[in-house]
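Okay, thanks for coming, everyone. Let me put the model up on the screen and then walk you through it.

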Amino acid sequence: MTMAPTRSDTERPPRTRETPDDAALIADPDARDPGAGPVTSDTPRAGHRGVRTWRPSTRLLWAVTALLVVAAVAVAATAGRSAWQHQRDEDAGAAALAAGRQIAVNFVTMNASTFDADTKRVLDESTGTFAKEYASTLAQLKPVVTANKTVSTVERAEAALVSGDQDSAKVIVGVVAPTSNASTPKPEKKTYRLRLDLVKVGDAWKVSTLDFVS
């Protein structure tokens with residue numbers, strides 16, 4: 001007895017048999033017939049023709065490395081020189097400040113019995129205009145100091161650097177100086193504020209101008 005085909009059997013699409021070419025295409029899409037057109041895919045394939053990866057040459061790598069090394073050395077040298085110069089300026093300022101303070105102390109210190117030694121110390125620390133002016137006053141100053149038995153010492157001295165570089169500096173020094181003489185045997189504290197212009201002479205700082213300031 002022959003059964004009539006049902007509706008589901010008539011609507012079912014016929015099965016097709018995979019040919020060897022179709023199986024090869026599934027395994028390797030590049031195996032398609034060249035005339036069949038390109039195969040599109042969202043996934044990039046390694047080794048796809050037309051895609052190249054840039055790789056720098058050994059010579060270029062060495063050139064870039066050398067350039068970076070030179071740049072690093074230049075930056076380090078600049079930073080090192082700047083730090084060295086800053087340290088030099090700080091050292092010069094500190095030396096000028098110490099010298100200015102000591103010169104001010106020596107200038108105020110005076111004793112009738114040691115007048116020549118006291119004033120020679122100041123002359124040795126002087127130069128320029130101040131050295132000439134100070135030397136010219138000693139002939140008149142010595143008889144006054146000796147006759148009055150003047151004694152001036154320094155109790156305290158504080159100094160501040162106003163400005164300076166490797167060769168010159170300006171320093172302000174405040175001095176408290178107990179002073180006595182024949183008419184005032186008990187020392188009286190006197191306060192002086194001195195401004196000194198210093199210059200570098202050889203390895204030593206010397207005063208070229210000294211003024212009393214208020």
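How many of the 13 residues of strand β4 (residues 168-180) are buried? The answer is 10, so β4 is mostly covered, where buried means under 20% relative accessible area, exposed means over 50% and partly exposed is in between, with a 1.4 Å probe and protein chains only.

Some housekeeping before I go on. This is a predicted model, where local features need pLDDT of at least 70 and side-chain atom pairs count only at pLDDT 80 or more, while totals for chains, interfaces and linings use all residues. Residues are numbered from 1 along each chain as its sequence is written, and side-chain values use heavy atoms, with hydrogens and water left out.

Now the overall layout. The protein has five helices and six strands; helices are DSSP runs of H or I with at least four residues, strands are runs of E with at least two, and both are numbered from the N terminus. Along the sequence the pattern reads α-α-α-β-α-α-β-β-β-β-β. Of the 214 residues, 21% count as buried. As for contacts, meaning heavy atoms within 4.5 Å, if you take those between residues at least 6 apart in sequence, 51% join residues at least 24 apart.

Back to β4 and its partners. Two strands pair if DSSP finds at least two bridges between them. β4 pairs with β5 (188-201) in the antiparallel sense over 12 bridges, and one of the matches there puts serine 168 with valine 199 in β5. Strand β3 (residues 156-164) is also antiparallel to β4, over eight bridges, and the two form a hairpin with three residues between them. Serine 163 stands opposite lysine 170 in that pairing. Then there's β2 (151-152), which pairs with β4 in the antiparallel sense over two bridges, with serine 152 opposite threonine 179.

On β5, eight bridges join it to strand β6 (residues 204-212), again antiparallel. Arginine 195 has aspartate 211 in β6 as its bridge partner. This hairpin has two residues between the strands, and glycine 202 takes a positive phi near 65° there.

While we're on backbone angles: which residue other than glycine has a positive phi, near 50°? That's lysine 149, in the loop between α5 and β2. As a reminder, most residues other than glycine have a negative phi. Lysine 149 counts as exposed because its relative accessibility is 59%.

Okay, pockets. A pocket here is worked out on a 1 Å grid over the protein atoms alone, as an open set of points where a 1.4 Å probe fits, with protein on both sides within 12 Å along at least five of seven lines, and lining residues have an atom within 4 Å of a point. The largest one has a volume of about 310 Å³, a volume being the space filled by probe spheres set on the points. It is lined by 14 residues, and Phe107, Val108, Met110, Ser152 and Tyr192 lie nearest its centre. The elements giving two or more residues to that lining are α3 (58-108), α5 and β5. Of everything in the lining, α5 gives the most, with four residues.

Next, lysine 142, which is found in helix α5. Is it buried, partly exposed or exposed? Lysine 142 is partly exposed, because its relative accessible area is 33%. Its side chain makes a polar contact with the side chain of aspartate 116 at 3.1 Å; a polar contact is a pair of N or O atoms within 3.5 Å, and within protein one must be able to donate a hydrogen and the other to accept it, with residues adjacent in sequence counting only if both atoms are side-chain atoms. Those two residues are 26 apart in sequence and 8.4 Å apart, C-alpha to C-alpha.

Two serines to finish. Serine 126 lies in the loop between α4 (115-124) and α5 (128-148), and it counts as buried because its relative accessibility is 6%. A polar atom of its side chain lies 2.6 Å from the backbone oxygen of valine 122. Leaving out residues up to four places away in sequence, serine 126 touches Ala131, Lys206 and Val207.

Serine 214 is in the segment after β6, and it is exposed, with a relative accessible area of 88%. Its C-alpha is 8.3 Å from that of tyrosine 192, 22 residues away in sequence.
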